[in-house]
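User: I'm new to this one and would like to learn how to read it. Could you take me through some features, one at a time?

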Amino acid sequence: MPGVFDRTRKKALVRDISSNFNKALSTFFGEREPIVDIAKMQHKGYVDALQSCGVEVEILEELSGHPDCCFVEDTAIIFDDVAVICRPGHPSRVNEVHTISERLREDFEIKFLSPDAKMDGGDVVFTGNEFLIGRSTRTNDNGINELSEIASKYGYSTQVIDVPNSTLHLTTVCSVPRNGMLIVAEGHLKPEQISGFQDVIWIPNNETYASNTIALENGKILVSAGFPITKQKIEDAGFEPILVEMSEIMQADGSLTCCSLFIE
Ligand code: CIR
């Protein structure tokens, strides 16, 4: 049924941090090369946090040839019984999708985008009844049109949002704490780009990284540690933030949602 799949979040597919994570791409949040061992510890903490909220987690092996391989969100869009395999917009990430599509084939009907399409899953946000799709340096119009066509066959509408050059992906500056509600970082998206949403929690620009959250059942929501204003605003809205230390993963521009693909 439309909208049900994405909100249940019972099982996540994640991938271990690459042994070459220090070579991961970084343009926005990174101030230095990430330290691989600390990133691995934080990734374990991330998995623990999901499990503590009742999420079953399946962990795929790291890929030493793909420093960004832990960011599995970018490799596929999953809804209902379909997995749309992305065509990552950065050349170094294109081949990350092969092992993911092999795994997803076990549970989903696989759909591929054409060679002219570019799409990172990080540019796709499901709001409960529609997909917001970011047009960005990683996601082009062919990718947007092809995903929209597939989604419409399953009864989902789409809205295109131009991702400003202040950020990497759409998910880097917004997330959905519950159907129809958005958490958005100030200074990136313009209010008119999200005018269809009545319920918006705006967080300050200097806490942009924390706008990316993972909402789970019973009001629990994974929030990056170290952003007190965002934590307070999320609590004030009636949620229970579960704080996850992400500072090292942040050095590679990766946020909470980037590290999971929800398969149930
Ligand atoms: C990249 O630049 O592709 C990675 N270093 C970060 C990807 C983060 N993924 C996401 O926002 N969905």
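User: Let's start with a single residue. Which residues is Cys 86 in contact with, leaving aside its neighbours within four places in sequence?

Analyst: When you read a contact list, look at how the partners spread along the chain. For Cys 86 they include Asp 74, Thr 75, Ala 76 and Ile 77, then Val 97 and Leu 113, and also Met 119, Asp 120 and Gly 121. Cys 86 itself sits in the loop between E4 and helix H3 (97–104). This is a predicted model, by the way, so read every number here as computed from that prediction.

User: Is Cys 86 buried or exposed?

Analyst: Here you need a cut-off: under 20% relative accessible area counts as buried. Cys 86 has 3%, so it counts as buried. You can also compare sequence and space: Cys 86 and Leu 147 are 61 residues apart in sequence, with 9.3 Å between their C-alpha atoms.

User: How far can I trust the model?

Analyst: Check the confidence score, pLDDT. The protein has a mean of 95, and 97% of its residues reach 70 or more. Over residues 1–5, though, the pLDDT is below 50, and this stretch has 14 contacts in the model beyond near neighbours in sequence.

User: Now the interior. Which residues have the most contacts inside the largest nonpolar core?

Analyst: Start with the hubs, then ask which elements supply the rest. This core has 56 residues, and Phe 21, Tyr 46, Leu 50 and Leu 222 have the most contacts inside it. Among the elements that give it two or more residues are strand E1 (11–15), helix H2 (36–52), strand E13 (220–224) and strand E14 (240–244). H2 gives the most, with 6 residues.

User: What does Leu 50 touch, not counting residues up to four places away in sequence?

Analyst: Leu 50 touches Ala 12, Val 55, Val 57, Leu 216, Leu 222, Ser 260 and Phe 262. There's also a second, separate core of 17 residues, which includes Val 82, Ile 144, Leu 147 and Tyr 156.

User: Loops next. Where is Ile 17 found, and is it buried or exposed?

Analyst: A loop position doesn't settle the question, so look up the accessible area. Ile 17 is in the loop between E1 and H2, and it is buried, with a relative accessible area of 2%. Beyond four places in sequence, its contacts include Val 36, Ala 39, His 43, Cys 70 and Ile 249.

User: And strands? Where does Pro 241 lie?

Analyst: For a residue in a strand, read burial and partners together. Pro 241 lies in strand E14 and is buried at 15% relative accessible area. Pro 241 touches Ile 221, Val 223, Lys 231, Ile 234 and Glu 235, not counting residues up to four places away. Its C-alpha is 6.0 Å from that of Lys 220, though the two are 21 residues apart in sequence.

Analyst: Now set Ser 157 beside that. Ser 157 is in strand E8 (residues 157–162) and is partly exposed, at 37% relative accessibility. It touches Asn 129, Glu 130 and Phe 131, again leaving out residues up to four places away. The C-alpha atoms of Ser 157 and Glu 130 are separated by 4.8 Å, with their positions 27 residues apart along the chain.

User: What about backbone angles? Which value does phi of Asp 80 have?

Analyst: Look for positive phi in residues other than glycine. Asp 80 is a case, with phi near 50°, in the loop between strand E3 (76–79) and strand E4 (82–85). Asp 253 has a positive phi too, about 65°, and lies in the loop between H6 and strand E15 (261–262). Asp 80 is partly exposed at 22%, whereas Asp 253 is buried at 6%.

User: Last one: which residues come nearest to the ligand?

Analyst: List the surrounding residues, then look for short distances between polar atoms. Of the 15 residues around the ligand, Asp 68, Glu 73, His 169, Ala 252 and Cys 258 come nearest. A ligand nitrogen is 2.7 Å from an N or O atom in the side chain of Asp 68, and a ligand nitrogen is also 2.7 Å from such an atom in the side chain of Glu 73. For Arg 93, a ligand oxygen is 2.9 Å from a side-chain N or O atom. The protein covers 100% of the 350 Å² of accessible area that the ligand has on its own.

Notes:
Residues are numbered from 1 along each chain as its sequence is written. This is a predicted model: local features need pLDDT of at least 70, side-chain atom pairs count only at pLDDT 80 or more; totals for chains, interfaces and linings use all residues. Side-chain values use heavy atoms; hydrogens and water are left out. A nonpolar core is a set of buried Ala, Val, Leu, Ile, Met, Phe, Trp, Tyr and Cys residues joined through side-chain atoms within 4.5 Å. Buried means under 20% relative accessible area, exposed over 50%, partly exposed in between (1.4 Å probe, protein chains only). Helices (H or I, at least four residues) and strands (E, at least two) are DSSP runs, numbered from the N terminus. Contact means heavy atoms within 4.5 Å. A residue is near a molecule or strand if one of its heavy atoms lies within 4 Å of it. A polar contact is a pair of N or O atoms within 3.5 Å; within protein, one must be able to donate a hydrogen and the other to accept it, and residues adjacent in sequence count only if both atoms are side-chain atoms. Accessible areas come from the Shrake-Rupley method with a 1.4 Å probe; for residues, only the protein chains shown count as cover. pLDDT is the predictor's confidence in each residue, from 0 to 100.
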